[in-house]
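Open the model in your viewer with side chains and ligands switched on. The stops below say what to select and what to look for.

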Amino acid sequence: MEPQASAGERFGGMAALEELVGALTRPRLYAVDPHTLLEVPAPPSLAALLPEHFAFLVADVVPGDQALAITCYDQACRAGLAQVLLRFEGAERPTLFTIADVVEETGVLAFIFSDDPDALEPDGAVDLMLDEGGTASVTITPGGKIVEVYGSLPGVLDEGDPALIGASLAALVHPDDLGEALVAFAGVLHDHRMARRLRARLATSAGEGAGEGAGERAGQWRWIDCTLFAGRRDEAGEVLVSCSLTDVDADVHAREALAESEDRFRMLAESIPLGVFGADGAGRVHYANRTFREITGLDNVGEWFDLAHPDDRDAVTDAIEEFERSGGLLDVEVRIRPPGCFEYRTVHVLARAVRAEDGSQSGVVGSMEDISDRKAMQVRLAHDASHDPLTGLTNRAQLVADLEVRLASSFSGRDPLAVLFIDLDGFKRVNDSLGHTAGDQLLTTLADRLETQARTGDLVSRFGGDEFVVVAEQTGGPDGALGMAHRMLHALSAPAEIAGTQMRPRASIGVALAFDAEATPETLLRDADAAMYEAKSRGPNGVWLADAAVRSRADRRFGLEGAIADALAADRYRFDYQPIVDLSTGRYIGAEGLLRWDDEVFGSTSPNEIIPLAEETGLIHQLTDWSVSRAGRDLRTLMGQAGLDRNFPLGINLSCAQLSSPSFVQRYLAAIDAVGIETSDLVVEVTETELVEDGSVAEQSLLALADAGIQVAVDDFGAGYSSFDYLTRMPVTYLKIDRRLTRALPTNARARRVLGALVTMCLDMGVAIVAEGIETEAERDAYLEIGINAGQGFLFSRAITVERLVEDLRAEAGAGFTAG
Ligand code: C2E
Ligand code: CA
Ligand code: CA
């Protein structure tokens, strides 16, 4: 089949072309279907049509220009644009022929024909094209001999190399590529209409001094793209094969390197524990790594957005639009539900645009991370930071923050916000006697009760150890708030079974109201705390409202807090002594030291206010040292000045906090030693409630003291929690009956019976009984009647200075008292 004829006959190409060319007055761009050579609206794909069909067009080019036409085509495929002046059969003038790869992605060629080739001469066009180097065109006989060489492939073949003419091109082809090359060559000879393309390695020339001729090769190879097509015929009428050659060696190596790095990238992307994806310019996901597929549970990852929570879709769509508009970073969190999952997972998607060299967006790469666990953790951390782990109530920090917001937003003088400060009574005892687990159990039980009592909108929080705070709005003023506090107290003190023990929890509640706009969380909490303190000081299970008096007492306490240390340092404390008397004779048989401090600013102070403050501020241990040495020195004074020749025990009061210090015993004995008295001269008075704890440090200390010969008195017996347990554990010398029992004795027969039994028991155990707070003769007589002979109280004497005590003892001696 003759190429010229076939193209013309089957496609009417020439006529159409001529028509086209004839219509041109200025350069114009046409997309041409190479089949028909007619302009087409939507250019067909290059891959589908070319290069085979290009051969038909080439058939219409005069034989001498066919090699140029095919080279031009090759060039366009590679570089996107190529131009050459071509003479078409029957055309009067050469046409400037341009091939443009107009739509790079779809691989469509457009042919541009121009009838205004003024700028270029035919040879100039060739030069323009071939001058770029790395491109040559070789004409080969059907027998494989080179007859013409245009252009050069540096290092492989050169137009000017005479040795090439007559040489075999096949001799240059790498043995491994030779088969494919020969198939292509034969294919062209078989079907003249078909161009063939292949990529083969050609041997490099030997270089300087390595001899002449195509046979001399250096043994190195370069990758060359070859396009073979049937060209003109020679004089003998044989079809010559034109072969367009382009050096793509650098390209191939670059691609290899790229492929290798892409492989590496893929391997990396597959193995990292982060979802990675790539999307095209239209946002369709075309690549996703293993983690991405695992997170989404999809094989077809392009559908991942279908998994998004309906509530999140708009936000994500907006974010994507904004991302496309601004070209910045896409950074969204979205909940997705992978197929077969019942729960939504939260994923974090980060993406950025990939830009082509010209700045246009060519795609998107991004990451997807499943942050559900981290999210849950954040929620938990945020919750933990603001809540108490034991009770689940809001904690102190959150309470203060919340109170601040409420005060700022809803201040109303008429219906003020109320703060209830709740402190459990005797919680420490529960903790100490039943253990911490029981303590925790009690706290959670009470927290539940508070929450049940609270109305919606009230805030219940755990303020500290055994302290709770309830914030309530619209309580209806002081009466309403106090009513609420009483309801809470009532609920709290309902019987509870903790660790198998029935108990009635008790608490003290202080109430403060935000009457003015100046109220802050700090002032309110301070006032409510002060009111709670006030309630507690009036006995367990009470409620108190913060008022001016409470505030001034709190202020005094605050002032005292600073002053008590100074007073101790300046040695301004003293002991006054309340004599302990023989109830039948009134004779002094001992005395109890009671802490006294008269201050210029604070006036006379009570140990009941000093001791708790000293415990809070940590001054208490210095106070222990002071107590022992003060009492010791006072005893020496008594012995010296009052001429005491009998055993005259002096009692000193020590709180549990004092006994609980690990260094207590050592300090106590050291202080006794320093003043030079006998250990048996002092009696340590410890409140009954503080002895309950079994095996505590305080108990250990007392045991150690007893071992050292110090006498122990159980103070305030019968004042509250009574257990005889400790009498069997502890070496108790005295039992001091609380003044509340004293008060009951004359009228309460039952109290008399209990005490009567106690006397028998104590006699048995060698424990002496001292009655406290005797104010009337009836009380004294009642004691005498049941066989209690020692006591103290205002009936006999208040606490007096050590000087007075000396005087009294002297007077006593002068009056001739005899031991009774
Ligand atoms: P306490 O050990 O029960 O001491 C007796 C308290 O009752 C004293 O109050 C005393 O003045 C008072 N009192 C004595 N006789 C009568 C009476 O007939 N009727 C009435 N109504 N009251 C009477 P004070 O001095 O205020 O001491 C209170 C508590 O402070 C003491 O109670 C004691 O537990 C503690 N305390 C006193 N001094 C010290 C101290 O130096 N160290 C420690 N840790 N605690 C001390
Ligand atoms: Ca006492
Ligand atoms: Ca007492």
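Which protein atoms are the donors of the calcium ion (ligand 3)? Keep in mind that this is a predicted model.

**Stop 1: ligand 3**

Select the calcium ion (ligand 3) together with Asp 715, Asp 716 and Glu 772. Its protein donors are an OD atom of Asp 715, an OD atom of Asp 716 and two OE entries from Glu 772, at 2.2 to 2.4 Å from the ion. Along the chain, the spacing of these donors reads D-D-x55-E. Distant parts of the chain are linked here: Asp 715 belongs to strand E28 (residues 711-717), while Glu 772 sits in the loop between strand E30 (768-771) and helix H26 (777-786), 57 residues apart. Both Asp 715 and Glu 772 are buried.

**Stop 2: ligand 2**

Keep Asp 715 selected and add the calcium ion (ligand 2). Asp 715 bridges the two ions, ligand 3 and ligand 2, which lie 4.0 Å apart. Now add the other protein donors of ligand 2: Glu 592 through OE, Asn 653 through OD1 and Glu 685 through OE. With the OD donor of Asp 715, they lie 2.0 to 2.3 Å from the ion. The donor residues of ligand 2 follow the sequence spacing E-x60-N-x31-E-x29-D. Asn 653 is in strand E26 (residues 650-653) and Asp 715 is in strand E28, so this pair ties together parts that are 62 residues apart in sequence.

Is Asn 653 buried or exposed, or in between? Asn 653 counts as partly exposed because its relative accessibility is 27%. For Asp 715 the value is 6%, so Asp 715 counts as buried.

**Stop 3: salt bridges around helices H26 and H24**

Next, select Glu 779 and Arg 743. They form a salt bridge in which the closest N and O atoms are 3.1 Å apart. Glu 779 is in helix H26 and Arg 743 is in helix H24 (residues 739-744), so read this as a link between distant parts of the chain, 36 residues apart. The two ends differ in burial class: Glu 779 counts as buried at 5% relative accessibility, whereas Arg 743 is partly exposed at 34%. Then select Glu 592, Glu 685, Lys 736 and Glu 772, which are joined into one network by salt bridges that share partners. Glu 592 and Glu 685 also appear among the donors of ligand 2, and Glu 772 among those of ligand 3.

**Stop 4: the end of helix H16 and beyond**

How many salt bridges does a search of the whole structure find? The search finds 39. To view one of them, select Lys 536 and Asp 425, whose closest N and O atoms are 2.7 Å apart. This pair too links distant parts of the chain, with Lys 536 in helix H16 (residues 521-537) and Asp 425 in strand E16 (residues 418-425), 111 residues apart. Lys 536 counts as partly exposed at 29% relative accessibility, and Asp 425 counts as buried at 15%.

Add Glu 534 and Arg 538 to the selection. Their side chains meet in a salt bridge, at 2.8 Å from N to O. Glu 534 is buried, with a relative accessible area of 5%, while Arg 538 counts as partly exposed at 47%.

**Stop 5: two surface patches**

Switch to a surface view. Which residues form the negative surface patch? Select Asp 311, Asp 314, Asp 318, Glu 321 and Glu 324 to see it. One of them, Glu 321, lies in helix H10 (residues 310-326).

For a nonpolar surface patch, select Phe 724, Met 761 and Met 765, which together make about 240 Å². Phe 724 lies in the loop between E28 and helix H23 (725-729). Its relative accessibility is 38%, so Phe 724 counts as partly exposed.

**Stop 6: Val 697 and Leu 659**

Finally, select Val 697, which lies in helix H22 (residues 697-707). Val 697 is partly exposed, with a relative accessible area of 42%. Add Leu 659 and check the C-alpha separation: the two C-alpha atoms are 7.4 Å apart, and the residues are 38 residues apart along the chain.

How values were computed
Residues numbered from 1 in each chain as written. Chains lettered and ligands numbered in written order. Predicted model: local features only at pLDDT ≥ 70, side-chain atom pairs only at ≥ 80, totals over all residues. Heavy atoms only, no water. Donors = N, O, S within 2.8 Å, 3.2 Å for Na, K, Ca; no water. Helix = DSSP H or I, 4+ residues; strand = E, 2+ residues; numbered from the N terminus. Buried < 20%, exposed > 50% of the residue type's maximum accessible area, 1.4 Å probe, protein only. Patch = residues over 30% accessible without salt bridge, like charges linked within 9 Å, V, L, I, M, F, W, Y side chains within 5 Å. Areas by Shrake-Rupley, 256 points an atom, 1.4 Å probe, with all protein chains shown as cover. Salt bridge = Lys/Arg side-chain N within 4 Å of Asp/Glu carboxyl O. Lys, Arg positive; Asp, Glu negative; His and termini not counted. Charge placed at Lys NZ, Arg CZ, Asp CG, Glu CD.
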